[in-house]
Amino acid sequence: MKKIGASLRLEFPVFAHNVRRCADGVERPLCYLDSAVSTHKPQKVIDKIVEFMSRDYGSVHRGAYQLSVRASDQYEAARARVARFIGSGVRAEQVVFTRGTTESLNLLAHGLTETRLTADKRIVIPAIEHHANFVPWQQAALKADCEIAYIPMCGTSGSDLRLDLNAAAKLITPNTSIVSLAHVGNVLGQINPVQDIAALAKRVGALVILDCAQSMTCFSENPFDWGVDAIAFSGHKLYGPTGIGVLVLRPELLTELPPLLTGGGMISNVTLEESTWTTGTAKLEAGTPPITEAVGLAAALDWLDDVGRSRIHEHASSLASKFAEKLEKIPGIQLFYPGTGNETIVSFRHAALHAHDLATILDGSNVAMRAGHHCAWPLVRQLGVDALVRASFAAYSDEDDIEQAIEAIKEATYLLK
Ligand code: PMP
């Protein structure tokens, strides 16, 4: 079994390339605590991409020649690999490749506006979603002239930073046709009660859509076992390349969904008068797909399964708890952390130092953390702040990251005394 943390870090070349001599003359390693935005890539994934591009690259499903056949085989093998990664019972024929979670959710919102939404319907989403699972539904509600209702949090601090299930039960009314939520929140790191919300949605016959952008690295349960109808995620948060996303659909939903993009590769017939679509995943994959990226994603999933998603979760959540404990003791720091021990993310702010300034000062100590609204304006507003700093932990994070980050935060904030 692979070792996790410090020794596993050696597999990620980015760390060797980013040791930096800081302004105080001290050489510091890269303390990368921004894996919720995107993870770094292990050498195995980088090697696979280089190997594919060097030896087997060709366009897929277009050529009779060997390179195209080999590339097509690897592209389709990647689709099967994704299906296996999600769980038993999921078939490759349900896996659509997109450019990312954002595109997957837009594809759904666009298609379902056509097939499901009328003025008497309702969409229900949490009020704390990432914009990628917020704005497309807001736009869908505008287009269909239907209602959109938002599930609130129980409160704005500590263990109240979770979805209010009683409110959800009231909001998911018989006219609700779509319920879309994240599995894991990208700011608070809360794990949403997906099974409970899916059960409420199923009671009224609504579709359940799950944004798994933050959860796929840590959880291996199959969301389709919970009654979920579609899931979306991105390769770049899974130790894989950018430019590749996944949308997995129940077979009936794949048949129902109209394409977001039209063009090459997705048609059945084209005449001067009209065009008809092909069936299956190809209908939703117009144009040259992200071929190299799909092959890279498959390599990343191999790597991830080799390490073990539950081990990554245990490791990253334990580091997050230790970090939160130390952070809380620094004067002026306010945490936005549910503190169940399961979160791999810790968001916080300082009473007298703006989040952007703090993140900029931390960069001076080679500490990488994201600051801002984290693509979740409605959530940040509900918390009564304008920006937060976020630390997020991954398989390659270790105890030294905590020490380096806490030291840098102390130094930055003690300057204010
Ligand atoms: N949903 C969540 C919960 C996310 O964290 C993100 C990425 N920050 C997205 C959706 C969008 O993912 P992408 O930018 O890869 O499309």
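This is a short tour of a predicted model, going from its two domains to single residues.

**Stop 1: the two domains**

Colour residues 8-37 and 308-415 as domain 1, and residues 47-306 as domain 2. The C-alpha centres of the two domains lie 28 Å apart. Now show where they meet: 32 residues of domain 1 are in contact with 32 residues of domain 2. About 2700 Å² is buried between domain 1 and domain 2, and carbon and sulfur atoms give 58% of that area. Which residues of domain 1 lose the most area to domain 2? Select Arg-309, Pro-338 and Leu-379, which together account for 28% of what the domain 1 side buries.

Stay at this interface and look at polar atoms. Between domain 1 and domain 2 there are 16 residue pairs in polar contact. On the domain 1 side, α10 (309-328), β14 (345-350), α12 (377-382) and β17 (388-392) each supply at least two residues that touch domain 2. The rule finds one salt bridge across the interface of domain 1 and domain 2.

**Stop 2: helix α9**

Select residues 291-307, which form helix α9. The helix has 17 residues and reaches 25 Å from its first C-alpha to its last, close to the expected 24 Å. Is α9 mostly covered or mostly open? It is mostly covered, with 13 of its 17 residues buried. Move one step past the end of α9 to Gly-308, where phi is positive, near 105 degrees.

**Stop 3: a network of charges**

Side chains of opposite charge can pair when their charged atoms come close. Show the side chains of Arg-309 and Asp-305, which meet in a salt bridge at 3.6 Å, N to O. Then add Asp-302 and Arg-81, whose side chains form a salt bridge at 2.5 Å, N to O. Asp-302 lies in helix α9 and Arg-81 in helix α3 (residues 66-86), so this pair ties together parts that are 221 residues apart in sequence. Asp-302 is partly exposed, at 43% relative accessible area, whereas Arg-81 is buried, at 7%. Keep the four residues on screen: salt bridges with shared partners join Arg-81, Asp-302, Asp-305 and Arg-309 into one network.

**Stop 4: two other salt bridges**

The count for the model is 22 salt bridges. One of them joins the side chains of Asp-24 and Arg-28, at 2.7 Å, N to O. Asp-24 is partly exposed, with a relative accessible area of 46%, while Arg-28 counts as buried at 16%. Next, select Arg-91 and Glu-93, a salt bridge in which the closest N and O atoms are 3.3 Å apart. Arg-91 counts as partly exposed, at 43% relative accessibility.

**Stop 5: Glu-285**

Select Glu-285, found in the loop between β12 (275-277) and α9. Is Glu-285 buried or exposed? Its relative accessibility is 10%, so Glu-285 counts as buried. What does the side chain of Glu-285 reach? It reaches the backbone nitrogen of Phe-97, at 2.7 Å. Beyond residues up to four places away in sequence, Glu-285 touches Tyr-75, Arg-79, Val-95, Val-96, Phe-97 and Gly-264.

**Stop 6: Leu-165**

Finish at Leu-165, in helix α6 (residues 165-171). At 30% relative accessibility, Leu-165 counts as partly exposed. Show Pro-193, Asp-196, Ile-197 and Leu-200, which are in contact with Leu-165 when its neighbours within four places in sequence are left aside. For a last distance, pick the C-alpha atoms of Leu-165 and Thr-279: they are separated by 38 Å, and the residues are 114 apart along the chain.

Definitions and conventions:
Residues are numbered from 1 along each chain as its sequence is written. This is a predicted model: local features need pLDDT of at least 70, side-chain atom pairs count only at pLDDT 80 or more; totals for chains, interfaces and linings use all residues. Side-chain values use heavy atoms; hydrogens and water are left out. Helices (H or I, at least four residues) and strands (E, at least two) are DSSP runs, numbered from the N terminus. The expected span of a helix is 1.5 Å times one less than its number of residues. Buried means under 20% relative accessible area, exposed over 50%, partly exposed in between (1.4 Å probe, protein chains only). Domain bounds come from an automatic or database domain assignment. Contact means heavy atoms within 4.5 Å. Buried area is the accessible area (1.4 Å probe) that two parts lose on being put together, summed over both. A polar contact is a pair of N or O atoms within 3.5 Å; within protein, one must be able to donate a hydrogen and the other to accept it, and residues adjacent in sequence count only if both atoms are side-chain atoms.
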